[in-house]
Amino acid sequence: MNSALHSFRSFLSEGPVALFIDIDGTLITHEQRIPTSALHACRSAQEKGHHLFLSSGRSLPEIYPRLWDLGFSGFIGGGGAYVRVADQVLQDERLSSQQITALDSLLSNLNAVYLWQGVDAMHPSPGFIDFFTHAMDKPEAAGWREYNEVITPFIRQGTPDTITKCTAYIPACDNLLDILTHHLPDGIRYIPGSIAAGNTTVAEFMPSHISKGASMGLVCDYLGIARQHSVAIGDSHNDIEALQVAGCGVAMGQAPTQVREAADYVTAPVTEDGLAQALTLLGLAE
């Protein structure tokens, strides 16, 4: 066991831990399945008195009801923009109408299709639903039909006036990084997205001061839990800040190099019981 894990385990006798679990690629597989081992591990951690939180780039309408059935204490959504503990909303940061208009123009000029993700509404750009449905219309992606069913009641037409974040699928081009770097509206940052589709580059856009790591701090302060008593587990670029600020940061085995380098420990991939292995090794679950 490395020194970071040994140091963290020494805190377990001091009280409950705040555990922040990413969804896609961490709690659920690409096929939208929760490994049985992950179910048991989450329940075991709760029985030990620890506080479990979903921590995702997804917004509220994108959360499957069956995930709430696992008994999570709260939710960090939109990559950190929205924070809720039980029924108490601690943060609800959004892009302004001016930022939305400017980003909408930039993405349209790049021939992208994109989804504006909000707390209570989802605004797809023209062609997004058809693109995403076609991209996920494969036997190995059958689980994504549930995603379409869950978000359908929240779909609204047109460009929103205010929204949490945006996920865009942009046709691949050699200078895309330069374009995004030099033409993004002020106050917006982008990070690589985690759900690829077709021959595109997927990117997430959100307020520049937002991150899962900062939002974890809000939750810990609200609960009165020291930040060194927190654990973050994830596999995507939007998990990097969370892995860096947590008392123990765990990257899933299939995570990109930059994500794994930000972690204290790298567990097995999601399809090989990585979440359960991490919680057991940390002493959070049986």
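Entry 1, terms and source. Before looking at helix placement I note that contact means heavy atoms within 4.5 Å. I also note that the model is a predicted one.

Entry 2, helix H11. I looked up what H11 (residues 274–281) lies across, and found strand S1 (18–21), strand S11 (230–234), strand S12 (248–251) and S13. The helix runs at about 160 degrees to S11. Next I listed the buried residues of H11, which are Gly274, Leu275, Ala276, Ala278 and Leu279. Their cover includes S1, helix H2 (36–47), S11 and S12. Just after H11, I found Gly283 with a positive phi of about 80 degrees.

Entry 3, the sheet under H11. I traced the strand order as S5-S4-S3-S2-S1-S11-S12-S13, an open sheet of eight strands with mixed pairing. Strand S5 (88–92) and strand S13 (265–266) each have a single partner strand, so they stand at the edges with one side lacking a neighbour in the sheet.

I then checked two of the strand pairs. S11 and S12 are parallel and share four bridges. In this pair, Ala232 stands opposite Gly249 of S12. Strand S4 (residues 82–85) and S5 are antiparallel, also over four bridges. Here the bridge partner of Arg84 is Val89 in S5.

Which way do the residues of S12 point? Cys248 and Val250 point one way, Gly249 and Ala251 the other way, and all are buried.

Entry 4, Arg84 again. I followed the side chain of Arg84 to Trp68: its charged end sits over the Trp68 ring, 5.3 Å from the ring centre.

Entry 5, nonpolar core. The largest nonpolar core has 50 residues. Which of its members touch the most others? I found Leu27, Leu67 and Ile233. For Leu67 I listed the contacts, leaving aside neighbours within four places in sequence: Ile23, Leu27, Ile28, Ile34, Leu54 and Phe72. As background, nonpolar side chains in soluble globular proteins tend to be buried together.

Entry 6, the five-stranded sheet. I read the order of this open sheet as S7-S6-S8-S10-S9, with antiparallel pairing. Strand S7 (122–124) and strand S9 (188–192) are its edge strands, and each pairs on one side only. Neighbouring strands here are turned against each other by 20 degrees on average, direction ignored.

At the S7 edge, strand S6 (residues 113–117) is joined to S7 by three bridges, and the two run antiparallel. Leu115 stands opposite Pro124 in S7.

Two helices lie on strands of this sheet. Helix H4 (residues 97–109) lies across S6, strand S8 (165–171), S9 and strand S10 (200–207), at about 160 degrees to S6. Helix H7 (residues 176–183) lies across S8, S9 and S10, at about 160 degrees to S9.

Entry 7, aromatic pairs. I counted twelve aromatic pairs. For Phe75 and Tyr82 the ring centres are 6.3 Å apart and the planes are at 50 degrees, so I log the pair as tilted. Phe75 and Tyr82 are both buried.

For Tyr190 and Phe205 the ring centres are 6.2 Å apart and the planes are at 40 degrees, so this pair is tilted. Tyr190 lies in strand S9 and Phe205 in strand S10, so the pair ties together parts 15 residues apart in sequence. Are Tyr190 and Phe205 buried or partly exposed? Tyr190 has a relative accessible area of 23% and is therefore partly exposed. Phe205 is at 0% relative accessibility and so counts as buried.

I also found one aromatic cluster formed by Phe128, Phe131, Phe132, Trp144, Tyr147 and Tyr169.

Entry 8, Met136. I located Met136 in the loop between helix H5 (128–135) and helix H6 (144–151). Is this loop residue buried or exposed? Its relative accessible area is 8%, so Met136 is buried. I took one distance from Met136: its C-alpha atom is separated by 13 Å from that of Tyr169, a residue 33 places away along the chain.

Notes
Residues are numbered from 1 along each chain as its sequence is written. This is a predicted model: local features need pLDDT of at least 70, side-chain atom pairs count only at pLDDT 80 or more; totals for chains, interfaces and linings use all residues. Side-chain values use heavy atoms; hydrogens and water are left out. Two strands pair if DSSP finds at least two bridges between them. Axes are lines fitted to C-alpha atoms, for helices over the stretch in contact, and angles run from 0 to 180 degrees between N-to-C directions. A nonpolar core is a set of buried Ala, Val, Leu, Ile, Met, Phe, Trp, Tyr and Cys residues joined through side-chain atoms within 4.5 Å. Buried means under 20% relative accessible area, exposed over 50%, partly exposed in between (1.4 Å probe, protein chains only). Rings of Phe, Tyr and Trp (its six-membered ring) pair if their centres lie within 6.5 Å; planes under 30 degrees apart count as stacked, over 60 as edge-to-face and the rest as tilted. A charge sits over a ring if NZ of Lys or CZ of Arg is within 6 Å of the ring centre and within 35 degrees of the ring normal.
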